[in-house]
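This report introduces a protein to a reader who has not met it before. Please look over the sequence and the structure shown here before reading on.

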Amino acid sequence: SDSASPFIPNNPMKSLITSMFLDKETADVCFEVSTADVDDGDDAAPSPVSFHAHSFVLKTCAPMLASLFGSDDEEIATASITDVKPAIFRHMLHYVYGGSVAEGELNAHAKDIINAADKYSIVNLKLE
């Protein structure tokens with residue numbers, strides 16, 4: 001008897017959504033992330049970092065982030081985030097898109113990642 005299991009193809013949805021992470025061409029919303037409200041000892045205000053995203057992904061997986069955008073019909077809606085460092089926001093948004101945060105990054109930035117996940121209600125990321 002053949003003990004090999006039958007071939008069952010993977011659902012392409014996760015890789016499709018993950019591939020849309022930061023895809024400027026298909027994005028309909030954009031976060032402008034700066035550290036204006038983060039006390040990191042640096043008095044200079046760096047220019048904001050843009051993170052393009054998709055409202056349908058945010059509405060489903062991160063409703064609090066989705067709620068930062070109004071319902072206007074701008075070409076690309078923009079929300080300003082000034083209370084999370086851009087690198088931490090990138091980890092959080094990547095997680096929303098089905099990605100994961102590397103263990104070393106989680107260990108090195110646990111407090112910042114947990115605080116950002118808590119602030120924006122990304123509950124499962126806090127549990128990682």
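## A lysine and its partner

Lys85 has a relative accessible area of 32% and is therefore partly exposed. The model in which this residue is seen is a predicted one. Lys85 forms a salt bridge with Asp112, and the closest N and O atoms of the two are 3.4 Å apart. This pair links distant parts of the chain, since Lys85 lies in the loop between S3 and H4 while Asp112 belongs to helix H6, 27 residues apart.

Is Asp112 buried or partly exposed? The relative accessibility of Asp112 is 29%, so it counts as partly exposed, the limits being under 20% for buried and over 50% for exposed.

## The other salt bridge

In general terms, side chains of opposite charge can pair when their charged atoms come close. The structure holds two salt bridges. Besides the pair already described, Asp83 forms a salt bridge with Lys119, with a distance of 3.2 Å between the closest N and O atoms. Here too distant parts of the chain are linked: Asp83 sits in the loop between S3 and H4, Lys119 sits in helix H6 (residues 110-119), and 36 residues separate them.

Asp83 is partly exposed, with a relative accessible area of 27%. Lys119 also counts as partly exposed, at 44% relative accessibility.

## Overall architecture

The protein contains seven helices and three strands. Along the sequence these elements follow the pattern α-β-β-α-α-β-α-α-α-α.

The protein has 128 residues, of which 34% are buried. Its exposed area is about 8,200 Å², and carbon and sulfur atoms supply 51% of that area. Among contacts in the protein with a separation of 6 or more, 74% are between residues 24 or more positions apart.

## The sheet

How are the three strands ordered in the sheet? They form an open sheet in the order S2-S1-S3, with mixed pairing. Strand S2 (49-53) and strand S3 (77-81) stand at the edges; each has a single partner strand, so one side of each is left without a neighbour in the sheet. On average, neighbouring strands of this sheet are turned by 25° against each other, direction ignored.

Strand S1 (residues 29-33) and S3 run parallel and are joined by five bridges. Within this pairing, Val33 has Ile81 in S3 as its bridge partner. Helix H4 packs on the sheet and touches S1, S2 and S3. The direction of H4 makes about 10° with that of S2.

## A buried valine in helix H4

Val96 is found in helix H4, which spans residues 86-96. Is Val96 buried or exposed? Its relative accessibility is 7%, and Val96 therefore counts as buried, the cut-off being under 20%.

Which residues does Val96 contact, leaving aside its neighbours within four places in sequence? With those neighbours set aside, Val96 is in contact with Val57, Leu58, Cys61, Ala62 and Ile122. Val96 and Thr18 are 78 residues apart in sequence, and their C-alpha atoms are 9.0 Å apart in space.

## Summary

In this predicted model, three strands form an open sheet, and helix H4 packs on that sheet. Two salt bridges are present: Asp83 with Lys119, and Asp112 with Lys85. Val96, a residue of helix H4, is buried.

Key:
Residues are numbered from 1 along each chain as its sequence is written. This is a predicted model: local features need pLDDT of at least 70, side-chain atom pairs count only at pLDDT 80 or more; totals for chains, interfaces and linings use all residues. Side-chain values use heavy atoms; hydrogens and water are left out. Helices (H or I, at least four residues) and strands (E, at least two) are DSSP runs, numbered from the N terminus. Buried means under 20% relative accessible area, exposed over 50%, partly exposed in between (1.4 Å probe, protein chains only). Contact means heavy atoms within 4.5 Å. Accessible areas come from the Shrake-Rupley method with a 1.4 Å probe; for residues, only the protein chains shown count as cover. Two strands pair if DSSP finds at least two bridges between them. Axes are lines fitted to C-alpha atoms, for helices over the stretch in contact, and angles run from 0 to 180 degrees between N-to-C directions. A salt bridge is a side-chain nitrogen of Lys or Arg within 4 Å of a carboxyl oxygen of Asp or Glu.
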